[in-house]
Each structure stands twice: as structure tokens, then as C-alpha cells.
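Ready for a few warm-up exercises on a protein fold? Have a look at the structure below, then work through the tasks one by one.

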Amino acid sequence: MSLSTPPPPEESFEGQLVGGKYLVGNLVGCGGMGTVWAGRHVNLGTLVAIKFIRPQFAERPDARRRFEIEARAAASVKSVHAVQVYDFGTTEGGLPYIVMEFLEGESLAETVQRVGPIAAGEVAKIISQASRALSKAHKAGIVHRDLKPDNVFLATNVENAESDLPYTVKLVDFGIAKIVDEPQGQTGLSGPTQAGSVIGTPNFMSPEQLTVGGAPDPLTDIWSLGATVYSAMIGRIPFEGEMLGDIVLKVCTAPIPVPSASNSALPAGFDAWFARACNRDRAKRFQTVEELADSLLRVCGVGADGIETATLSEDRVQYELK
């Protein structure tokens, strides 16, 4: 989220007491469907972030369901690398809100916009951390569905003794997550998808998500994570387009981009790694997020004796120690 389009004064929550225990402070983020405010627990003094649905969406069942999905999905992922959810409720005026941990720092997208392409080794470490949360989500039957650089947050106020990075990676915004193991009729939390609709950010969506009937699953998240890695290392998204139709054609039919054509300084095996992460044939894609992350670490020479170069042979990826 950014503060580029702040809400009008009548949408301000500053100074209000929410849930009888959270005092709302200043606005820290603003998106299309919600606003995020700093806040404090009045008894404990704990700093939190409070996300409110915008009033114009409060009466829409799909928007309210999205809020509940975000709260439940994020709360279900028990990982230091997923944003922590502390509370969920409704204000006296009927607006749903989510109380989350307060994060300082910036998104991966903001970092790339600020400094340009990020070194391969650092990107591999970022994805390694993000993959830990995503792996737990997948094992819990949760598909994120909107993985992109904007939703990979680099938090500078969260300690992580296991990392040598100056920040801790957090997956955020589970608002359109799919809780795939719960029957829709029983919980109503299977995601705000309607037949033929596109839910997510098209530039980072897999071919099967962009076609009618494409169901989200862990392999769709793997494609999106591959596109996220490309964006971080190249400094631009792999499947660009101003219109949805242009993006669909590039994702579904155009030749898959070759990363080294845009950045010759990439590790030798990264082209093959990306070709597997974003392979249109789901059977030839990485099958788990752990496999994707471990492979990227090896290709980038992180935590290994040398760089392992991925090579495409007989429609599969093999590794050779160089």
C-alpha cells in the first residue's frame, strides 16, 4: 500500500477506539479497498497495524468475505515470514477490521523501484524466507493467489537471527487467498471468485489462472513466485502489457522471456531456472515451493560449495556443479 491516494477526512479513523482496546493512530497505507492505520493496544501499549475496509465496499458481500479470508488465511500460517494477525472484528459502524503486527520497511517492489535490480544472491535469500511461509500455507491448504513483489515485504523491525539480511521477509495480503480444503457451502471462504473472473494481478498469474476454469493450487503460486524473482533480478516484470488481452497472450502463448537477454550478469543457470519456474506445462514446473527455493539458492551459489548451473535437457532441468 502507499499514501498516494489518502482517504477523504470522513473516512479517517484516527483517535477512535476500536474493539474497546485498540486506539487508532495515523494513516500508514492506502489501497483500493482498504486503509491501514497505526494503532496501540490501550492496556499493553503494543504497536499494531489496523486495516479497515473502505466504507463504499462495506455493504458488498464479496468485499467483506475477502476481509474475513485475509484474516483467517494469514492467521492460519504459523510462520515468522507471514504477517501475524492478532484480531478481527467489526466496528460499531459495521466496518470490518483486521489487527495485524506493525511492519516497518518496504515491499520488494518498492526496493526494486528505488535501487533497480537486486543481486541474485540476495534475491535467493529473500525467496528462501518467503518460501517458508508459503510452504506452511500450502500444507495448510491455503493458496495465496496474489504473489508479486508488492506482497513480499522486507521488514526492518522484525528480528530474525537465522538470516544475515538487514530485514526479515514477510508475505502479506492474503485477501484473495483460496482455502482449498474447506467446502464452500460449509464455510463460504473458498475465495471471492466468480465463473470466468480474473482474481489477482494478471502480470504475475499463471496461464491456467488466466483461462476460464483455471483453478488455483500451489503450482499457480509457484509460477507467480517465479515471475516475482524475475522482476527482482531484472528490474521489470516478465509479462508486460497495458491491456488484459495483451498480458494474457504473453503469458499463454508468446515465447517465455530469457532473463539473460535483459541482464547478462545473471548466474549462468538462471535462464533454465526461470524456464522451469514459469513452465506452461504444469508437470515440468517446480512441484513444491521448497524445491523452487532450494534450486534458486544453488543456482545463485548461496550456501553451497559452488554455483550449480541449471541446464535444460530432454524437457527437464538437471544440475551440474561448476
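**Exercise 1.** What percentage of the 322 residues in the protein chain is buried?

*Solution.* Keep in mind that you're looking at a predicted model. Start with burial: 52% of the residues in the chain count as buried. Next, take the surface, where about 14,600 Å² is exposed and carbon and sulfur atoms supply 50% of that area. Then check the contacts between residues at least 6 apart in sequence: 61% of them link residues at least 24 apart. Finally, tally the secondary structure, which gives eight helices and 13 strands.

**Exercise 2.** Work out the strand order of the open six-strand sheet, then find its edges.

*Solution.* Going across the sheet, you read S1-S2-S3-S4-S6-S5, and the pairing is antiparallel. Strands S1 (17-18) and S5 (85-90) each have a single partner strand, so one side of each lacks a neighbour in the sheet, and these two are the edges. Now zoom in on S4 and S6 (residues 96-101): five bridges hold this antiparallel pair, and Val48 sits opposite Glu101 of S6. To finish, add the helix: H1 (residues 61-76) lies across S4, S5 and S6, and runs at about 155 degrees to S5.

**Exercise 3.** Do the same for the open sheet of three strands.

*Solution.* The order here is S7-S9-S10, again with antiparallel pairing. S7 (105-107) and S10 (168-171) are at the edges: each has a single partner strand, so one side of each has no neighbour in the sheet. On average, neighbouring strands are turned by 25 degrees against each other, ignoring direction. For the pairing itself, look at S9 (residues 152-155), which is joined to S10 by four bridges; Phe153 has Lys170 as its bridge partner in S10. Helix H2 (residues 108-115) lies across S7 and S9, at about 90 degrees to S7.

**Exercise 4.** Is Val42 buried, partly exposed or exposed?

*Solution.* First locate Val42: the loop between S3 (34-41) and S4 (47-53) holds this residue. Its relative accessible area is 43%. Buried means under 20% and exposed means over 50%, with partly exposed in between, so Val42 is partly exposed. Val42 also joins Leu17 and Leu23 in a nonpolar surface patch, with about 260 Å² of accessible area together.

**Exercise 5.** Which residues of helix H8 (residues 289-299) are buried?

*Solution.* Walk along the helix and you collect Val289, Leu292, Ala293, Ser295, Leu296, Leu297 and Val299. Then step past the end of H8: Gly301 follows, with a positive phi near 70 degrees.

Conventions
Residues are numbered from 1 along each chain as its sequence is written. This is a predicted model: local features need pLDDT of at least 70, side-chain atom pairs count only at pLDDT 80 or more; totals for chains, interfaces and linings use all residues. Side-chain values use heavy atoms; hydrogens and water are left out. Buried means under 20% relative accessible area, exposed over 50%, partly exposed in between (1.4 Å probe, protein chains only). Contact means heavy atoms within 4.5 Å. Accessible areas come from the Shrake-Rupley method with a 1.4 Å probe; for residues, only the protein chains shown count as cover. Two strands pair if DSSP finds at least two bridges between them. Axes are lines fitted to C-alpha atoms, for helices over the stretch in contact, and angles run from 0 to 180 degrees between N-to-C directions. Patches are made of residues with over 30% relative accessible area and no salt bridge: like charges are joined within 9 Å, nonpolar side chains (Val, Leu, Ile, Met, Phe, Trp, Tyr) within 5 Å. A salt bridge is a side-chain nitrogen of Lys or Arg within 4 Å of a carboxyl oxygen of Asp or Glu.
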